[in-house]
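Trainee: Could you take me through one part of this model up close? I'd like to start from a single side-chain pairing and work outwards.

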Amino acid sequence: MGRRFQELAFTPLVKRHQQEHGSRRQYDRMEQSLPQGKDTLGDAEKDFIQRRDSFYMASVSETGWPYIQHRGGPKGFVRVINPSLLGFADLRGNKQYVSLGNLEHDSRVALFFMDYPYQTRLKILGRVEVHEHDSEAPELIKSFRLADKSDVVERVMLIHVEGFDWNCPQHITPRYTMSELQDVFTPIREKLAKLEAENEALRKNITASAKASI
């Protein structure tokens with residue numbers, strides 16, 4: 001956990017509940033040991049983000065209600081441009097544009113990156129910079145365009161990182177994508193195919209020996 005994340009997330013009311021439930025002293029000690037200023041992403045965070053094929057983004061509407069949106073793509077579609085900046089191509093979806101409207105009202109977001117098989121999550125707080133109709137948009141959209149040409153990139157979102165925190169694995173139910181299951185089952189299938197071939201060869205040898213003995 002970064003110091004900046006604590007400063008943003010641990011409000012007086014949050015601290016009051018931490019005090020009530022016995023965790024405030026632990027976080028006080030942690031806060032004193034952390035450097036001041038914005039949290040910057042290190043190699044572990046960069047590697048984790050670039051291996052994800054989806055994430056969740058929370059924004060706040062003009063009515064004060066939070067809104068969570070899922071964003072997905074091929075692994076690496078979210079890029080760590082530098083230790084304080086992320087970017088991703090925002091693809092055409094159901095055309096509700098709830099997050100887009102919310103971000104025009106308030107650029108702050110919370111991101112959740114999940115690794116279900118290894119029960120790991122990374123939380124990031126940041127501010128979004130939307131590039132769609134400005135002078136930088138064409139080049140950014142071109143550079144973030146995905147390999148699948150059927151995906152329409154409407155804009156690029158850059159996220160300036162304010163703080164981040166790794167969460168413990170408690171209560172994360174392991175889930176697996178088809179590609180992750182393929183990685184697990186491919187060696188098993190190959191072993192079964194080898195055993196079946198060996199069994200077939202043994203059957204042929206037994207049959208040939210039986211015929212020879214008649």
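Mentor: Sure, let's start with Ser59 and Asn102, whose side chains are joined by a polar contact of 3.0 Å. (A polar contact is a pair of N or O atoms within 3.5 Å; within protein, one must be able to donate a hydrogen and the other to accept it, and residues adjacent in sequence count only if both atoms are side-chain atoms.) Before going on, keep in mind that this is a predicted model, where local features need pLDDT of at least 70 and side-chain atom pairs count only at pLDDT 80 or more, while totals for chains, interfaces and linings use all residues. Residues are numbered from 1 along each chain as its sequence is written, and side-chain values use heavy atoms, with hydrogens and water left out.

Ser59 sits in strand β1; strands here are DSSP runs of E, at least two residues long, helices are runs of H or I of at least four, and both are numbered from the N terminus. Ser59 counts as buried because its relative accessible area is 1%, with buried meaning under 20%, exposed over 50% and partly exposed in between (1.4 Å probe, protein chains only). Leaving out residues up to four places away in sequence, Ser59 touches Trp65, Pro66, Tyr67, Ser99, Asn102, Leu103, Arg108 and Val109, where contact means heavy atoms within 4.5 Å.

Follow that list to Arg108, which belongs to strand β5. Arg108 is partly exposed, because its relative accessibility is 48%. Its side chain makes a polar contact of 2.7 Å with that of Asp106. Beyond four places in sequence, Arg108 is in contact with Ala58, Ser59, Leu103, Gly126 and Arg127.

Arg108 also takes us to the largest pocket: among its 20 lining residues, Leu8, Arg108, Val109, Ala110 and Leu125 lie nearest its centre. The elements giving two or more residues to that lining are α1 (3-9), β1, β5 and β6. (On a 1 Å grid over the protein atoms alone, a pocket is an open set of points where a 1.4 Å probe fits, with protein on both sides within 12 Å along at least five of seven lines; lining residues have an atom within 4 Å of a point.) By class, the lining has 12 nonpolar, 2 polar and 6 charged residues; Ala, Val, Leu, Ile, Met, Phe, Trp, Tyr, Cys and Pro count as nonpolar, Asp, Glu, Lys and Arg as charged, and the others, Gly among them, as polar.
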